[in-house]
Amino acid sequence: MSARTGPIVHLKPGRDKSLRRWHPWVFSGAIARVEGTPNAGDTVTVTASNGTPMGMGAYSPHSQIRARLWTFDPYQEIDAAFFAAQVEAAVARRGAPDEGGPWARRLINAENDGLPGLIVDRYGDQLVAQVLSAGCERWKEEIADALLAATGCAGLYERSDAEVRIKEGLPVRAGHWRGREAPEVVEFHENGVRLLVDVRHGHKTGFYLDQRAARARVGQLAAGRDMLNCFAYTGGFGLAALAGGAARVTHLESSAGALEMAARHAELNGFEASRWTSVEADAFTRLRQWHQEERTFDLIVLDPPKFIESRQHLPRGCRGYKDINMQALKLLRPGGLLVTFSCSGLLEADLFQKIVADAALDAGRNLQLVDRLQQSDDHPVLMSFPEGAYLKGLVCRVE
Ligand code: SAH
C-alpha cells in the first residue's frame, strides 16, 4: 500500500464514535486539526485521534458538517470510477418499475445511497438532480456522466436551488445541465394515474415522489368518500382518491400554479368536473371557516410542508401540527378517516403520534390508529443514518 498523500482531518479523542457506527457526517466540533489545505469538495482522509484512518470524505469548509464520508474504506480511490459504481448500484437497486407507461422514481437518495448531498429523481426519460454538498459539486460532471450512462435518459436538469446550498457556501442554481432540453412538462404514470411534472417551476425536483406508496393507500381507502385533500400541491392524493372511486374531492392549496396543474391532471385522467373542486386558500384559516359553516368530509388527507426547519422551530412547529390536525378532526363525520403526515425530520414518529392524540382530545373526538405510513421504498433509509427517515404518516378513524 502506498504512503498516504493528500489532506487529513484528525478527529479529537473520543469523537470517532459516530464514524465507527458508519454515520457519514463529521461535525466541525469533532475536528482537532486539519493537515494540508483542502479546498471545498476535496477528498480528505478522516483519522481517529490515535491515527487510525476511518474513511475518505469530502471537505466542506463552510458547513458545520465539515466532512461527509464517501466510504469507510480508507484505501478506496475517490475518482470517476467510484462515482460511476455508486450511481450504477443505486440505479440498479430501483430496477425497472412496471407502471404500464413512463414511470418516476427517486434514483439517488443522498446519504442513504452512499452519495451524501445528491438527490436524483427520474420522470419518464428526464432526470432532475439537486447537488447539495461541496463534495458532489466538486464531482458533478463525473456524476452527470455516470447518471446518463446508467439510465440512458435523454436529459438532465439541475434544481440546485435549495437553501441548504447556502450553508455549504455554494451558489443557488437551476437550469439545463445535460442532453435534451427538458420539455415544458413531462408525463409519467403512478399507480395507474397519469401525472405531469414541470421540472423547472415545480417544488424541489418537481413532484413529491416520497408519497407514492401513501397515495396508493389513500386510493384504496377512498371509495365512496367525500374527500378533503389538504395541502394538495398538484393534486396527487386527490387524484389517487378519484381513481379509487371517491365520491368527491376538494383540493385545498395556497398555490394557484399548483392548482392549475391539479386541474390539468383531472382532465388528463378523464375525471368529471362534477367530482372535484379546487380551493385556493390558507389551510389554517379555511378549515376554521368550514368548521363554523358546519362543512364536513369523510376522508381528510393532511400533507403540510415542513413546519420544523431547525431545532429552534420545534415548539412552534409542534403547535402548528397540533392545530392543523385539530381543525381537520373537527370536520370529519363519524367513521371518517384522517390520513395525516409530517415530513419534518426533526419531529420523531412517537412525538408526532402524541401530537395527533392531543389534537383529538382537544377536538373532543375519539380516534383510533389504523395504520402507519412512511416514505416510499425508492427513498430508502440507511440504518446507520437515522436522519434519512423523515416522513411519517398515520391513518386514523374517528368515532
Ligand atoms: N400532498 C402533495 C404534496 C404537498 S406539499 C402531493 O402528494 O403531491 C405541501 C403543499 O402545501 C405545497 O403545495 C404548498 O404550496 C402548500 N401550502 C403551504 N402552506 C400552505 C397553507 N398555509 N395553506 C394551504 N397550502 C399550503
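How many bridges join S2 to strand S6, and in which sense do the two run? The views below start with that pair and then move through the rest of this predicted model.

**View 1. Strand S2 sits beside strand S6.** Three bridges join S2 to S6 (residues 65-71), and the two strands run antiparallel. To find one bridge by eye, look for Val 26, whose partner in S6 is Ala 67.

**View 2. Pull back, and S2 and S6 turn out to belong to an open sheet of six strands.** Reading across, the order is S2-S6-S5-S4-S1-S3, and the pairing is mixed. Strand S2 (25-27) and strand S3 (31-35) stand at the edges; each has a single partner strand, so one side of each has no neighbour in the sheet. From one strand to the next, the twist averages 35°.

**View 3. Helix H2 packs against helix H4.** Here the axes of H2 (residues 80-94) and H4 (residues 140-151) come within 9 Å and cross at roughly 40°. The two helices are therefore oblique to each other. As H2 passes H4, the crossing is right-handed. On the H2 side, look for Ala 80, Phe 83, Ala 84, Val 87, Glu 88 and Val 91. Facing them from H4 are Glu 142, Ile 143, Ala 146, Leu 147, Ala 150 and Thr 151. Sorted by class, the contact of H2 with H4 has nine nonpolar, one polar and two charged residues.

**View 4. Strands S12 and S13 make a hairpin with two residues between the strands.** S12 (residues 186-190) and S13 pair in the antiparallel sense over five bridges. One pair to pick out is Val 186 with its bridge partner in S13, Val 197. In this hairpin, Asn 191 takes a positive phi near 50°. Is S13 mostly covered or mostly open? Strand S13 (residues 193-197) is mostly covered, with four of its five residues buried.

**View 5. Another open sheet has seven strands and mixed pairing.** Follow the order S16-S15-S14-S17-S18-S20-S19 from one side to the other. Strand S16 (276-280) and strand S19 (367-374) are the edge strands, and each pairs on one side only. Neighbouring strands of this sheet are turned by 15° against each other on average, direction ignored. Away from the edges, strand S14 (residues 226-230) and strand S17 (residues 297-302) pair in the parallel sense over four bridges. Within that pair, Met 227 has Leu 299 of S17 as its bridge partner. Helix H11 packs on the sheet, where it touches strand S18 (332-342), S19 and S20. The direction of H11 makes about 25° with that of S20.

**View 6. Gly 393 lies in strand S20.** S20 covers residues 392-398. Is Gly 393 buried or exposed? With a relative accessible area of 2%, Gly 393 is buried. Leaving aside neighbours within four places in sequence, Gly 393 is in contact with Thr 340, Phe 341, Asp 371, Arg 372 and Leu 373. For a sense of distance, try Val 249: Gly 393 and Val 249 are 144 residues apart in sequence and 20 Å apart in space, C-alpha to C-alpha.

**View 7. Helix H10 meets helix H11.** H10 and H11 (residues 349-363) pack at an angle of about 45°, with their axes 8 Å apart. That makes H10 oblique to H11. Their crossing is right-handed. From H10, the contact draws on Cys 318, Tyr 321, Lys 322, Asn 325, Met 326, Leu 329 and Lys 330. Their counterparts in H11 include Leu 351, Phe 352, Ile 355 and Val 356. By class, the residues of the contact of H10 with H11 divide into eleven nonpolar, one polar and four charged.

**View 8. Helix H10 also meets helix H9.** The axes of H9 (residues 283-292) and H10 (residues 314-330) come within 9 Å and cross at roughly 30°. That makes H9 roughly parallel to H10. H9 passes H10 in a left-handed crossing. H9 brings Ala 283, Phe 284, Leu 287, Arg 288 and His 291 to the contact, while the H10 side includes Gly 320, Asp 323 and Ile 324. The residues of the contact of H9 with H10 divide into five nonpolar, three polar and three charged.

Key:
Residues numbered from 1 in each chain as written. Predicted model: local features only at pLDDT ≥ 70, side-chain atom pairs only at ≥ 80, totals over all residues. Heavy atoms only, no water. Axes fitted to C-alpha atoms, helices over the stretch in contact; angles between N-to-C directions. Parallel < 35°, antiparallel > 145°, perpendicular 65-115°, else oblique. Left-handed = near helix turned anticlockwise from the far one by under 90°. Contact = heavy atoms within 4.5 Å. Nonpolar A, V, L, I, M, F, W, Y, C, P; charged D, E, K, R; others polar. Pairing = 2+ DSSP bridges. Buried < 20%, exposed > 50% of the residue type's maximum accessible area, 1.4 Å probe, protein only.
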